[in-house]
Amino acid sequence: MTAIESTFKKRAQAAVANKTLKAAIERTASTAEKKRAIAIAELPDFSNMRSCAKRIKDHVIANLDHYLETFERNAVASGAKVHWARTAEEASHIAVDICKMAKAKRVTRSKSMLGEEIGLPHALELAGIECVETDLAEHIVQLAGERPSHIVWPAMHKSREEIFSLFKSKHEKPPVSEEIADLVLSARRDLRQKFLTADVGISGANFLIADTGAVCVVTNEGNAELTTTPPKVHIVTAGIEKLVPSIEHAFVLLRLLVRSATGADITQYTTFHCGPKRPNDADGPEEFHIILVDNGRTQMLADGMEEMLRCIRCGACMNHCVVYRQVGGHAYGGTYPGPMGAVLTPVFDGLKQSRDLPHACTLNGRCAEVCPVGIPLPTLLRQLRSRSWRSGYEPWLTKANVSVWAQFAKRPKLYHAVSKIASKVIRLFQKNGRIRWMPLAGNWTRHRDLPAPASRSFMQLQRSRHKENGS
Ligand code: SF4
């Protein structure tokens, strides 16, 4: 077992034991689940819209080169500078270089998981540039020195009391009470001056509109607008899968994104950025840079994982995931948690280091059911499991157990005879129909019990039924 694998297990164990964390996750995830269900029920053509969204994304992915070139051409025509980054390191170097050229001392950033993916906050810090997170939840996470635990609610693991004491120790004019309005006011006071004095604003992108070269960003707090408008330079970091052919296509996805993420009909702010400030504009950046990031995305196409490129980062899969709701986002270790993270982290960080993640799933299929772009997450997780097996990453004990099982499975008579004996032996450990401890199964029974095997197997029942029917 590698160090990273044991870290994942340790994190998951620590998370399960943390009652405050569990309560915080459950409160937000169950509210999100209910709100989404109501929003989807009120959308009569949800299933058609979902198929349409899936077709849009599949079409773009199949014609990625065409739409990337179209987007670049139109973005450049609107005055933007387009940069291409193959890796996370390249992307953050480009962003840091632009900041250095602008002699930036302070940079504001609106929430972007891609920024986290490419390690941008860390790269800015190394370059001696102050990076201010402006999304309220990201602000909390930054002050706490932590990483986001959810892609829509980065601070969902924090209780109100924890946020109050954090703000009390970090804000110049701290909140006077734990009331949400007070906490928000405290953050606003802290951030306002930083918004107005930032040299560069960095945002992500929800959609890149190919036929206009525009960048669409949605938020609920308006912080993206304050991040991107006052500074002289605006940098957008975006994954290449964010492309859509036109604004009409963006709106189809937008309707699904917002409902799936928060259960609302629309976000408070939906902004389209198209080039820098024009001569008659009252405000806006003088320079507008777009960094298009690959970082493993074209490899996903080559590896048969292209369906994952449909992801619009709504977070519905994690809100409905039984594993995520037990362990929270930090246990996953990567930038992206939950089912989508269990697929993406092995792609970004390597399957060897994160081979436990595809196993952190019961394959109950709820994530695929709620995904607004129909990503078959359990199928992709199974693909990663078998790739891990073929690559020899599984522990020797698992390999040995499966090899022994395969020997029996190839000999049905022997298999039935051994199953019969095994079932009798296992029943020796039962108490009131449940097995709470069993040798060689300590890892399972330590956390949960299991029902005792039935006295007659399915095959035995079937045979006696056939006999009774005379067939
Ligand atoms: S995989 Fe689907 S449900 Fe999960 S974040 Fe992406 S789009 Fe949303």
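This tour moves from the whole protein chain to the surroundings of the ligand and then to one pair of packed helices.

Start with the protein chain in full view, keeping in mind that the model is predicted. Colour the chain by secondary structure, and the elements to be found are 22 helices and 13 strands. If you orient the C-alpha trace along its principal axes, the spans are about 90 × 55 × 45 Å. The radius of gyration is 25 Å, which agrees with the value near 23 Å that a compact globule of 471 residues would have. Shading by burial next, you will find that 41% of the 471 residues count as buried. A contact map of the protein chain adds that, among contacts between residues at least 6 apart in sequence, 72% join residues at least 24 apart.

Now select the ligand together with the residues around it, of which there are 13. The closest of these are Cys-311, Cys-314, Cys-317, Met-340 and Cys-371, and the shell as a whole divides by class into ten nonpolar residues, two polar and one charged.

For the last stop, select residues 19-41, which form helix α2, and residues 247-262, which form helix α12. Two packed helices are described by the angle between their axes and by the distance separating those axes. For α2 and α12 the angle is about 140°, and the axes lie 6 Å apart. Show the side chains of Ala-32, Lys-35, Arg-36, Ala-39 and Ile-40 on α2, and of Arg-259, Ser-260 and Thr-262 on α12, since these residues make the contact. By class, the residues of this contact are three nonpolar, two polar and three charged.

Definitions and conventions:
Residues are numbered from 1 along each chain as its sequence is written. This is a predicted model: local features need pLDDT of at least 70, side-chain atom pairs count only at pLDDT 80 or more; totals for chains, interfaces and linings use all residues. Helices (H or I, at least four residues) and strands (E, at least two) are DSSP runs, numbered from the N terminus. The radius of gyration is taken over C-alpha atoms; the globule rule is 2.2 Å times the number of residues to the power 0.38. A residue is buried if 20 or more other C-beta atoms lie within 10 Å of its own, exposed if 12 or fewer, and partly exposed in between; C-beta atoms are placed from the backbone. Two residues are in contact if their C-beta atoms, placed from the backbone, lie within 7 Å. A residue is near a molecule or strand if its C-beta atom, placed from the backbone, lies within 6 Å of it. Ala, Val, Leu, Ile, Met, Phe, Trp, Tyr, Cys and Pro count as nonpolar, Asp, Glu, Lys and Arg as charged, and the others, Gly among them, as polar. Axes are lines fitted to C-alpha atoms, for helices over the stretch in contact, and angles run from 0 to 180 degrees between N-to-C directions.
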